[in-house]
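Hi everyone, thanks for making time today. I'd like to walk you through one structure, so let's put it up on the screen.

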Amino acid sequence: YSTKQIAEVYGLKDSVYRKILPYLKCDMSTVKKLHINVAGKDELKQHPYIRWQIAEALIAYREQHGIFDSFSDLEKINIIDSVVLTKMIPYLSLQ
């Protein structure tokens with residue numbers, strides 16, 4: 001969803017990233033979103049920003065509290081910090 005994510009690619013030197021940055025484009029219409037109110041643990045944990053611990057926490061929260069009404073509900077899950085949450089939200093859907 002962001003050209004800044006390319007900088008996170010393992011092994012990509014910062015100098016290379018800065019050279020290619022002007023040529024990078026993002027198309028949000030192609031981003032696959034996960035429906036966090038129905039996605040299973042296996043589907044969730046396949047996403048690069050959702051480790052298995054977060055996937056389990058999402059499922060546990062749903063089982064204990066019901067569906068997520070808004071993304072602010074994710075802030076109630078202790079193991080999801082603001083950095084991870086910011087990276088996850090563009091890939092999530094509530095419906």
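**Rings, a histidine and a core**

Let's start with two tyrosines: Tyr49 and Tyr91 are both buried. Before we go further, please keep in mind that this is a predicted model.

How many aromatic pairs does a search of the whole structure find? The answer is two. Our two tyrosines form one of them, and that pair is tilted, with 6.0 Å from centre to centre and 45° between the planes. This pair links distant parts of the chain. Tyr49 sits in the loop between α2 and α3, while Tyr91 sits in the loop between α4 and β2 (92-93), 42 residues apart.

Now for Tyr61 and Phe68. Is their pair stacked or tilted? Their ring centres are 4.9 Å apart and their planes are at 15°, so this pair is stacked. Tyr61 counts as buried because its relative accessibility is 11%, under the 20% limit. Phe68 is buried as well, with a relative accessible area of 2%.

Let's go back to the loop between α2 and α3, because His47 has its place there too. His47 is buried, at 13% relative accessible area. A polar atom of the His47 side chain lies 3.1 Å from the backbone nitrogen of Tyr49. And which residues does His47 touch, leaving out those up to four places away in sequence? They are Leu34 and Tyr91. That brings us back to Tyr91, the partner of Tyr49 in the tilted pair.

Next, the core. In soluble globular proteins, nonpolar side chains tend to be buried together. Here, the largest nonpolar core has 22 residues. Those that touch the most other members are Leu44, Ile50, Leu58, Leu74, Ile77, Ile80 and Met88. Two elements, α3 (52-65) and α4 (82-88), give two or more residues to this core. The most comes from α3, with six residues.

Have a look at Met88 in particular. Not counting residues up to four places away in sequence, Met88 touches Tyr49, Ile50, Ile54 and Ile80. So there is Tyr49 again, among the contacts of Met88.

Finally, a glycine. Where is Gly40? You'll find Gly40 in the loop between β1 (34-35) and α2 (41-45). Gly40 is partly exposed, because its relative accessible area of 31% falls between the 20% and 50% limits. From Gly40 to Ile77 is 17 Å, C-alpha to C-alpha, and the two are 37 residues apart in sequence.

Thanks for listening, and I'm happy to go back to any part.

Methods: Residues numbered from 1 in each chain as written. Predicted model: local features only at pLDDT ≥ 70, side-chain atom pairs only at ≥ 80, totals over all residues. Heavy atoms only, no water. Core = buried A, V, L, I, M, F, W, Y, C linked by side-chain atoms within 4.5 Å. Buried < 20%, exposed > 50% of the residue type's maximum accessible area, 1.4 Å probe, protein only. Helix = DSSP H or I, 4+ residues; strand = E, 2+ residues; numbered from the N terminus. Contact = heavy atoms within 4.5 Å. Phe/Tyr/Trp six-rings, centres within 6.5 Å; stacked < 30°, edge-to-face > 60°. Polar contact = N/O pair within 3.5 Å; in protein donor to acceptor, adjacent residues only side chain to side chain.
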